[in-house]
Structure formats: C-alpha cells, structure tokens
Amino acid sequence: MGIDLGTTRTVVVYADRGNYPVVTFCDTSGDVHEFFPSVIAFNDGELVTGFEAMDLAQSGAPVLRSLKRHFADENLTTQDEIEFAGRKYPLLELFTTFLKGLVEALHTDSSIADQLETDPIENVVAAVPAHAGSTQRFLTLEAFKTAGLPVSVLLNEPSAAGFEYTHRKPKTITSRRNRVVVYDLGGGTFDASRIDVEDLSHNVMDTVGINNIGGDDFDEVLADLALKAAGNPELDEHQRSELIADTQIAKEGLAPQSRRIAIDVAGETVIIAVQDFYDAVTGLVGRTLEAMAPLLENLDDLAGIYLVGGASSLPIVPRLLRNKFGRRVQRSPYPSASTAIGLAIAADPDSGFALRDRVSRGFGVFREGKEGTEVTFDPIFSRDEVLGANGLEKRRTYRPIHNIGKFRFVEYSKLRDWQPIGDIMPFATVTFPYDASLQGKDSSEADIERIGEMDTIEELYRIDSNGIISLQITDLSTGYSQHHHM
C-alpha cells in the first residue's frame, strides 16, 4: 500500500497483481471520493477526522486544515505543539490522530474494507516532501507506527511520482532520452527532481524545492480577490474558514475554457475574472519555475517534464510550463494520485522497480573556536550523496583543546566557499563536555575555555534509509557518550 498524506487530501493506493487502483472512501452522505480529507475538527471534547470533520466545519466547529504545513516550520522539533480549539496539542498527537482516523475509514468506509477483513495491511510505503527535514521524517514514521501502519520505507514525493511516470509511459524512455524531471506542486509544498531511468532502475540526480508554496497559497490569493470585490467586509474565523473552503472548490473546478469565478463572501456572491486570478498567481508559479531551473540546464536527453500534485491541475500551471518548455511537458492523468501510485509500486515486491535516491539537503555543524570568539562551519553530508539501502555513515575523530564543545546543527540548500547560504534550517544545539570533570553534569551554561589538548573524541553521524539523521559523540578515553536524533 502507498499512502500520500497531502496538505489538503490524503490518497491511498494498493498493489493488486500488477495494477495500482486508488482506494475510494464514502463521505457521510454516501458519495464516493478518491481521497480522505486531511482535516481535523473538534467536537464535544473529541478530535474528529476526514469527512466527518468537513461536515463539522460547515456547522461552525473548530477545524484544523493543512496540518502538513506545520511540518515545514524551519524550527520544527519533536516537542512542537499547535494551539487548537482552546488547548495545545502536540503535533505528533494530531498527526497520529489523523492517521488513526484514516485507518478506521479504510476498515469501515473504503473500497477495500471487505478485503481488509481477511487480508490485513502488511507493508506501507509513505511519502514526505523531498526537502523534508530529519525531524519531519522522524515524526512521520512515529505517527504511522503509532497508528498501526507498518511503514517499510519513506520515499521522497517526486521520486515516487517518477515510478508512476515510468509505469504509465515506458515507451517515452529511450537510450537517448532517459531523463525525467518531476514537477510536484501539492497543496503546501513544491518539489522537483531530475531522475535518470534505465529499464526499471531510477537514479535521482538532483532535487530542488520550496517548502511553503502550493495550492493553499492559490486559495488565499483567490480569497483576497473575492474579499476585495465584496468591499473587504470583516469576517470572523468561521466565515474565513468557509471562504477558504469555497475558494478551494472554485479553484479546483476551473477548466481551460473558464472565464469567471463565482464566490460567496458573507452571503454576497462576487464574480472574479479568471484572468485576474491567473495574473495574481503567476508570480507564485514563476517561483517554482525559477527553483526548477537548475534541473533543466540540458534538455537534449530529457524524456519529459512530468506534472504531478493536486495544484498542478490549475490550468495556468501547465500553460506556463508549456510556454517555456513546449511539448516536453506532460501532465499526469491522475495528478493528485501520482505519488501514491508510485508509492504502491515501491511497496509491491513484484514490480521490479528500484530507486537510488540522494540526500536532498546538505547537513553540517557550526562549531565554536578560540574560546567562543569565532565560529567555523563543518559540512557533514553533502546534498548530492547517494542514500543506499543501509543509509550513510561518517566519522570524525579529533583531540579538542577546549573544555566544552557547542554544536549548532543545520540543514542547508547550497554551499559557497564552504559556508551554507540560501535556505538554512536549524536543527539542534548540542553541548558536549570534553573535560572529564564536567561529563555527566549540566554544562550548557558553562563558559568555553582553552585548556590544552584533551582526550580523543569521536563523532559518528548516520543517515538511515528514511533520511533520519542521528549523532553519537563519544570520549574514547572515558567512554562518556551522548546520542541524539536530529
């Protein structure tokens, strides 16, 4: 089974003898949908998910949308909380609650409910944005595990969509044109990957992304246009939530021939010219094209630019890409399900597909020197290193000359002159006492002092196959050690 937890919708696909059908779900009215809404509502002291949460939202209940967007916070930690319905919930608890609701719906209101009675879920491949940090990957695995979903591996979303492309369009791959660029614009994130394909083997060559752009932003733009057309009335929280829900429906209903959009704003219907909306979001799409540019420096061996993700269905998106790249642009017939189909292919032991992915972001550490008066940067994992089946491992050994080491770990998108530039995501700050007299004590507030050559220290860094980073620092003389998950 492949599960793509999207910003607005979660899609599930299962493997069935070489076919990969999308699981359908029934809403509270009995209508069938090829997704489960990524929504949580609060009702009578309980958290409710999916279609029931959508119904409660219409009646004014507190609702939490776009849960996945909270994972894009550059300061994300495993202890993060979200204020919702008058109280604070751990992000992991909300994520797990949603997935438990999904599991219940799979067993009671889905197209495979009867099958699951005799054939339980044994293997799940889940997805994260290519530029998801280690903390997001860890929280994703923990939530799936706690919800009872046995995840064997996490794949980057565009890498999974690359499987769907090759499965659906194998004849477009030739010896001369064997490179695919996946353009993945979802509800809250944008990723793009350049993938070399040889038969069923996929080698991810490079990945770029923006963690805070997607269909949600298009909804906000359309809502602002509607508010302006209505004279900017004051809306309460429930009215604003209803407006965003209406703009999402209106946006998804747009066809290439659409000319006008009708939106209800506080009881008044306003009309927005489609071209005005497209003009307002062209800059957002332009940012994705700019981010993707490094993947398209050479078009000679390009088999196709494959558009996936729910937001790529907005007609202006393929139009702008085709204006720039012509017939090479191909949109998935199932843009919202492409990633989930690719995940199901990866979960299928009989599919024959293989993947070599890369570390999508660099990882390194700022260290303090000269008694804390200077800072140097040490790259640990570069963003172009290949992740094998057993992940990656690197060691550092040295003899420090200070009493304490303070490490500020970050992920980064680029290096210039061995310094991280551009998009930098702080991870964690770790304090390790080199002085044996301080080991086992709280040294976080102690001053850094130069006291001469100390015992040998070993730093062992690991990235597992899911992209989760761990660190073990050990004083090889005393045996004192610290272990950290990043």
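This report describes a mixed sheet, the helices that lie on it, and a hairpin in a predicted model.

**Confidence.** Mean pLDDT for the protein is 90, with 98% of residues at 70 or more. Confidence is lowest in strand β26 (residues 419–433), where the mean is 79, and highest in strand β3 (residues 25–26), where it is 98.

**The sheet.** An open sheet is built from five strands, ordered β5-β2-β1-β11-β12, and its pairing is mixed. Its edges are β5 (36–37) and β12 (151–156), each of which pairs on one side only. Next to the β12 edge, strand β11 (residues 124–128) pairs with β12 in the parallel sense through five bridges. Within this pair, V128 is opposite N156 of β12.

**Helices on the sheet.** Helix α5 (residues 157–168) packs on the sheet and touches β1, β11 and β12. Helix α4 (residues 134–146) lies across β1 (2–5), β11 and β12. The angles of both helices to β12 are listed below.

| Helix | Residues | Strands | Angle to β12 |
|---|---|---|---|
| α4 | 134–146 | β1, β11, β12 | about 145° |
| α5 | 157–168 | β1, β11, β12 | about 95° |

**The hairpin.** Strands β16 (residues 260–265) and β17 (residues 268–273) pair in the antiparallel sense over six bridges. One of the facing pairs places D264 opposite T269 in β17. Two residues lie between the strands of this hairpin, and A266 has a positive phi near 50°.

Both senses of pairing are known in general: strands of a sheet pair through backbone hydrogen bonds, either parallel or antiparallel. Here β11 and β12 give a parallel case, and β16 and β17 an antiparallel one.

Methods: Residues numbered from 1 in each chain as written. Predicted model: local features only at pLDDT ≥ 70, side-chain atom pairs only at ≥ 80, totals over all residues. Heavy atoms only, no water. Pairing = 2+ DSSP bridges. Helix = DSSP H or I, 4+ residues; strand = E, 2+ residues; numbered from the N terminus. Contact = heavy atoms within 4.5 Å. Axes fitted to C-alpha atoms, helices over the stretch in contact; angles between N-to-C directions. pLDDT = per-residue confidence, 0-100.
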